[in-house]
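Hello,

Here is the structure you asked to look at. Please open it first, then read the notes under it with the structure beside you.

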Amino acid sequence: MVSVGPSSGARDWENPAVFSRNQCRPHVPLRSHPSSQNALRYYTEGPGSVKVPRVISLNDPAWTFKLFDRPEAVPTTFFDESFRTEDWDKIEVPGNWECQGHGYPIYTNFQYPWPVTPPWVPEENPTGCYRHWFDIPKTWPSDRVFLHFGGVNNAFYVWVNGKEVGYSQDSCTPAEFDVTHLIKPGRNLVAVQVMRFSDGSYLEDQDHWWLSGIHRDVFLLSKPVTYISDFFARTPLAFREQSLDLTEAKLDVDIHIVAKDKASLEKLQVRAELFRRNPEDLSLEEAAAEPQTVQLSQPDFWCATDSTAKGTRELAWFGGLAQVSWDMLQQGDSNQPPLLWSAEEPHLYVLVLSVLSPSGEVIEAESTQIGFKRNEIKGHQLLHNNRPILIKGACRHEHDERRGKAVTEEGMLKDIQLLKQLNFNAVRCAHYPNWMRWYELCNEHGIYLMDEANIETHGFDPALHNNLVVPSSNPLWCHAMLDRVINMVERDKNQPSIIIWSLGNESGYGPNHLAMAGYVRGRDPSRPCHYEGGGAQTPATDIVCPMYARIHQIMKLADQEGETRPVIQCEYAHAMGNGLGNYREYWEAYDQHPYLQGGFIWDWVDQGLLRKGKDPQGKEIEFWGYGGDWGEPVHDAQFNINGLIWPDRTPHPTVLECKAVMAPISFSLVEQGAQAAEEQGVRLRAVNKHFFASTAGLLLNWRLVLDGAPLPIGDVLSQSPNGWHPGGTVLMGPQEATELRLPVEAAEVQDAVCRTYELASAWQGQPELVLELRASLSSASSWAPMGHVVAEQQLPVPLHWFGGGPMQTDADGGSAAADNRSSTGQLHLSDSKGSISITGPDQLSVQALLSEATGAVSRERGCVERWELGGRPLISEAIAPSFFRAPTDNDRGGSGGTSYVHRWKEAGLDCMDVVSGSCSVSASQPSPSEVKVEASWTMKPNRAIAPPDTYIGMAGVSEVGGAHFFAEEAGEQGEKAEGEVAADAPADAKKGVIEVRVTYTISSSGELRMEWHVDASKALPAQLAPNLYKSLPRVGVHWVMPEANTRVDWYGKGPHECYPDRKTGAWLRRHHASHVDELHVPYIYPGEEGGRADVRWVAVSDVEGAGLAALTLGEPLQMNVTRCPVAAIMGARHDHEIVRDRQVHVYLDHRHIGSGGDDSWSPSVHKEYTVPPDKYSFSLLLFPILPQLDSSPPDTAAAAWLLHR
């Protein structure tokens, strides 16, 4: 096998000049339909519903396969028909061999899993050999036969019936070979040798799994002696200024024809037909233009032929060119303009091209989807159909949890449905052309695409500082890089969903990029060209496209003098684990500035691969693995676990923030004075943020919510059981706003509130009244069912609008509904050397069986160590201050000791303990029914109690620096503030100190009031580098409850996880979890999770309704109720490894740091969401919940909230 291992000279897979041999030139997808009707049905009914006689699929779960450790180990005759394979395995094609038990996957971000010595790759280069027998019916037409591989990773040779066919690289665009002379009727053999690594691998360093094998479709395509070899359809449009009114609309098509002899070309004709779906009946198609039948405009057009591996012109056959043009404003009786394609309204047509014999018979037909659209850069903006759009995008790798890169149509459709349901409108095909069917589905359902060439060379220059060392600056690599761009453009040029071409990703910048940009712009000037490398503003890009620029930086770019290109971030909001903080702020900037047009989140899906393992109890399970889980020596750990959804396509709670922030409908209250509701109802301003679609397909619903619960008002029969009132359709055109008036009268609201609180007249105090609005689909769409909520919003309503005053209380000073406790019983105080104990009779008549409340405050720690009611423990571990959280991926981001977690651990916040002898406790009894205990102490680090941390580090994941990273300008090191120490001071000098003072007030009703005063101003003494902010993880309290307390109710944001900088998409309501584990968020790599923001009260109880409630006496809290305490999370590398506590842990935080989200490799929490080392004071009220026949735990907590807020 001389071509595989020559005795001298470069091997093909280590030679950048050799990236294909005998491979046909790229072209659009072809199927050679026997009739125009078949070609039309292929798209109107779907490829799976239409038989294509000239295509023989070779996809099969039983190809014969064997993996060798290097190419030289492959038997030299394995491709012979007589070769014996009894000891070989079976493998599915398409598929990656590592996902089928052969070898192991490798994940790296940008480092290559071998030394960078281009073009050479490791000698130990796993090589997979495939063999597959297939039958060709004697009746099958085989005038010209092509063997098509949709994608093979990475380099491969192919043989048919023992004869070598060719060689190919570029793993993500088709490789097609003319095998006419090699196949035969009956039994045939195809053999493929795939090298895992080649010089082409240096161009595919794409922050994804290194997976190998035949991962896309394989089929044979037969073409007749005269056939269509390629075609290019264009839709030139012209609009009136700042309007959607068309002044010109054409469909121009160039069709390349190949025939066996020149005479055939002179006689044949080409018929072109255009169809669109009947809008009244989608099962029908109707002609959209008059059919055209044309002669060849150039019957001797050599450009149509493919001379690859053809020794003479006769062997290459002869080429011709046919051209068709429709004036779409002059079609039909009404001359109606064509319906335009957009992501919001994806109006599709089907173009059918038929080659006709001299007698008018169809020789063959091809078809494609057509969308009338125009993309251009004009006036500093990206325009789609003459309107600036916002890119609500995500970067998407092709990934299947079981199949790796061998994705399925079912999986792609699921992604599109989720994207649309979550209000995304765009996808960057990161970082390679996708499987062909993806584009067809995006055309149909409406997704804007950035199609990206299969090029990334990040590992040559990880910091992206030195363009001299990247392949783009080396002429030896120019042809290989240009070939990949050509492959993409020629295959995908007719796809309406593609609005931007991309030259690849993170490959530095050099003359090769200008060559690629030149080809793209010259071949298809109808789409802008994108490339971020070299600083995001090079001549190779038509869009300023930074990565991970901060908000003030993109604002600066948009205002840059002399710049005429729009700013669209090709990557931003790194969605790793519990992140995506401050996403709302990005979109406030996009909405504010006309030259900021959105971006693509990194990234769409966690790229975990399923593997088998055991949980802590020894049970066999499947879990999602990441880098290093297969024992690979070079990897980048969990840095590929950074998606918005889990690998099984379950959405993360983080992505619900995206849905809310990017909602296409928004509402705001129109300011009005007192009593205005009584006169004219509540006035709203509604805005349709769509650029092309009206709101005709949406229904509005609304309701009022009082203190987290629906407030029943108006006609009960007209509203749903949960209080939603129908609002009907509010018709707005694209980008239009209107004012609405909801039929809400002040008297109705006042009466409803009084009924709710059993009051006789208007209220006092500060009840929270919220107006909730929903816009939902009035009928099913292709991507969501009828009733799917497109937009949801809560608007706080000022109480004075309804004539509300302070809450009125009864004569005893309590609310009639809430005051179900008495504090008149006698408490007994015992002040001993070891602790202070308080006992008292049970004054709750409904709980007469539970006779007494008991509490003890430790003198050593100053904390409530024991709290019982009627002999039943309310807590099982002390109520203690809490300052540390299990680090998230974003907490770990930062090199050189700049990460939050490094600073926290350096200061000892993970192991703060009471300094021996520092605790002072005193008690007093101001009344028989009340005891006050005051305690204070000092906390310093104690490494003996530090939680374990199994963090393995993410080798090579730093994106910091480089021309693409818009780093903050380094300021001068300032003077040390009072109490600070230098960053290079001894370790002991950088240990933190926290002073704690607390007052406990215990009443005979069982209530425990806590007033905490925390001086954390010296908690982080080390001086920071410029532009970094000091922040504690949290300032709050933590306690543990007995294991029976598994039910959780709260009034705050939810129902899903949310944090201070990620709560726009969470709703302020009363929420319920029937089991505490429902609050757990199983991020693949464990870290802080499960928090709920803006909590007013929480009740944790058992199934009988007994437990403990807590409410804030000041600002809302950050809450986390869990069986996964900090130490358990830090001791695990995967979610299933967390050893869950049987008991229930409660964390209530006065302050909690945000989740961060600008990126995951630098401290990225915005300053307003940090917890600076400072002095903090907060108050909480805790009280027992007793089983009651007429009040549930949440009702009891809500009543207490009404009384004490």
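**A buried asparagine in a loop**

Asn578 sits in the loop that runs between strand 35 (567–572) and helix 9 (583–592). Keep in mind throughout that the model is predicted. Is Asn578 buried or exposed? The relative accessibility of Asn578 is 3%, and the cut-off for buried is under 20%, so Asn578 counts as buried. Its side chain makes a polar contact of 2.8 Å with the side chain of Arg1062. Leaving aside residues up to four places away in sequence, Asn578 touches Thr888, Asn890, Glu1057, Tyr1059, Arg1062, Tyr1083, Glu1088, Glu1089 and Ser1155. Arg1062 therefore appears both in this list of contacts and in the polar contact.

**Strands 35, 36 and 29**

Strand 35, which comes before that loop, is joined to strand 36 by three bridges, and the two run parallel. One pair to look for is Gln569, whose bridge partner in strand 36 is Gly599. Strand 36 (residues 596–601) is also joined to strand 29 (residues 391–396), by four bridges and again in parallel. In that pairing, Gly393 has Phe600 of strand 36 as its bridge partner. How many of the residues of strand 36 are buried? Six of its six residues are, and the strand is described as mostly covered.

**Strands 19 and 23**

Strand 19 (residues 246–259) pairs with strand 23 over 10 bridges, in the antiparallel sense. Within this pair, Ala259 is opposite Phe318 of strand 23. Strand 23 (residues 318–327) is mostly covered, with seven of its 10 residues buried.

**A sheet of three strands**

Strands 26, 27 and 28 form an open sheet in the order 26-27-28, with antiparallel pairing. Which strands stand at the edges? They are strand 26 (375–378) and strand 28 (387–388); each has a single partner strand, so one side of each has no neighbour in the sheet. Strand 27 (residues 381–384) is joined to strand 28 by two bridges. His384 is bridged to Arg387 in strand 28.

**Two helices in contact**

Helix 4 (residues 409–421) packs against helix 5 (residues 436–445) at an angle of about 35 degrees, and their axes are 10 Å apart. The crossing of helix 4 and helix 5 is right-handed. From helix 4, the residues in the contact are Glu409, Met412, Leu413, Asp415, Ile416, Leu419 and Lys420; from helix 5, they are Arg437, Trp438, Leu441, Cys442 and His445. What kinds of residue make up this contact of helix 4 with helix 5? Seven are nonpolar, one is polar and four are charged.

**Leu777**

Leu777 belongs to strand 45 (residues 769–777). With a relative accessibility of 11%, Leu777 counts as buried. Not counting residues up to four places away in sequence, Leu777 touches Gly697, Leu698, Trp783, Ala784, Pro785, Met786, Gly787, His788 and Val790. Ala791 is 14 residues from Leu777 along the chain, and the C-alpha atoms of the two are separated by 9.9 Å.

Regards

How values were computed: Residues numbered from 1 in each chain as written. Predicted model: local features only at pLDDT ≥ 70, side-chain atom pairs only at ≥ 80, totals over all residues. Heavy atoms only, no water. Pairing = 2+ DSSP bridges. Buried < 20%, exposed > 50% of the residue type's maximum accessible area, 1.4 Å probe, protein only. Polar contact = N/O pair within 3.5 Å; in protein donor to acceptor, adjacent residues only side chain to side chain. Contact = heavy atoms within 4.5 Å. Axes fitted to C-alpha atoms, helices over the stretch in contact; angles between N-to-C directions. Left-handed = near helix turned anticlockwise from the far one by under 90°. Nonpolar A, V, L, I, M, F, W, Y, C, P; charged D, E, K, R; others polar.
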